[in-house]
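Reader: I am new to this structure and would like a close look at a single part of it. Please take one helix and follow the chain onward from there.

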Amino acid sequence: MIRGSAAAVVGLAALMLAGCAPAHVFAGPLPSASPTDLQPGLLTGGDLPPGYIRIASVTNADGAVSIDGGDFPGCPALEPMTTERTTAAAVTYSRGIAGPYLTHALVRFPPGEAAASMTRLAETATSCHRFTQNLAGVTVTFTVESLPAPPGLADQAVALRMTGTTNVDLSVNAETVALRRGDLVVWLTDMSIGPTPPGIAVSLAEAATDRCRQALPGC
């Protein structure tokens with residue numbers, strides 16, 4: 001059972017972090033800024049608590065950005081925030097194979113399109129409050145709920161907690177904070193597998209917003 005649980009952890013971690021992989025196909029016009037222009041607005045290892053190691057980054061494509069980075073056929077509303085019309089840069093840090101994992105992304109939308117994406121994200125707490133699907137051979141039942149968003153940092157703010165229970169005595173926990181500043185969205189997701197709950201996405205929201213504001217015009 002221990003060996004099976006370890007394999008499930010590895011499989012779940014790989015799937016839940018799939019959103020950090022770059023995407024290279026664009027079906028429509030992109031904003032003028034390139035993903036490398038966004039990179040200076042990302043948090044560095046020095047901004048995080050001790051023990052976090054950088055494990056992935058996206059700076060050369062749009063890079064899918066979604067809750068837990070995964071694909072959720074059980075809840076189509078949890079589609080990535082990024083589209084063929086956005087540019088994004090993202091970095092992921094980890095404290096081990098079971099997490100916690102912290103992904104920080106910056107997503108630039110064409111003028112006027114970011115607000116609608118934020119609204120769709122907020123609605124997932126209602127439309128996908130509870131659903132079940134299979135991940136890496138493990139049946140996971142997810143619950144999505146709203147959290148109080150950090151005040152005073154953005155034009156729109158959404159905070160969500162996603163909790164998954166499994167049939168192999170594992171749990172999947174994530175917290176996401178998305179902050180819209182004009183046509184830019186500051187995105188933080190903190191995910192872990194096992195009993196340790198996530199806990200730093202909300203606490204890093206102010207630092208991430210400050211880094212965006214200092215590094216990127218219009219943020």
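Author: Helix 3 covers residues 114-127 of this predicted model. Its 14 residues should span 20 Å at 1.5 Å a residue, and the C-alpha atoms at its ends are 20 Å apart, so the two values agree. Buried in helix 3 are A114, S117, M118, L121, T124 and A125. Viewed down the helix axis, these buried residues fall within an arc of 110°, so they line one face of the helix. An α-helix has 3.6 residues a turn, so residues three or four places apart point the same way. The cover over the buried residues of helix 3 includes strand 5 (138-146), strand 6 (156-166), strand 7 (171-181) and strand 8 (184-193).

One of the buried residues, L121, can be set beside L78: the two are 43 residues apart in sequence, while their C-alpha atoms are 7.4 Å apart in space. L78 sits in the loop between strand 1 (53-58) and strand 2 (87-94). With a relative accessible area of 6%, L78 counts as buried, because the cut-off is under 20%.

Next comes strand 4, residues 130-135, where the side chains alternate. F131, Q133 and L135 point to one face and are buried, whereas R130, T132 and N134 point to the other and are not. In a regular strand, side chains alternate in this way between the two faces of the sheet. Strand 4 runs antiparallel to strand 5, and 6 bridges join them. R130 has T143 in strand 5 as its bridge partner. The two strands, 4 and 5, form a hairpin with 2 residues between them. In that turn, A136 has a positive phi of about 55°.

Technical notes:
Residues numbered from 1 in each chain as written. Predicted model: local features only at pLDDT ≥ 70, side-chain atom pairs only at ≥ 80, totals over all residues. Heavy atoms only, no water. Buried < 20%, exposed > 50% of the residue type's maximum accessible area, 1.4 Å probe, protein only. Expected span 1.5 Å × (residues − 1). Arc of directions from axis to C-beta. Contact = heavy atoms within 4.5 Å. Pairing = 2+ DSSP bridges.
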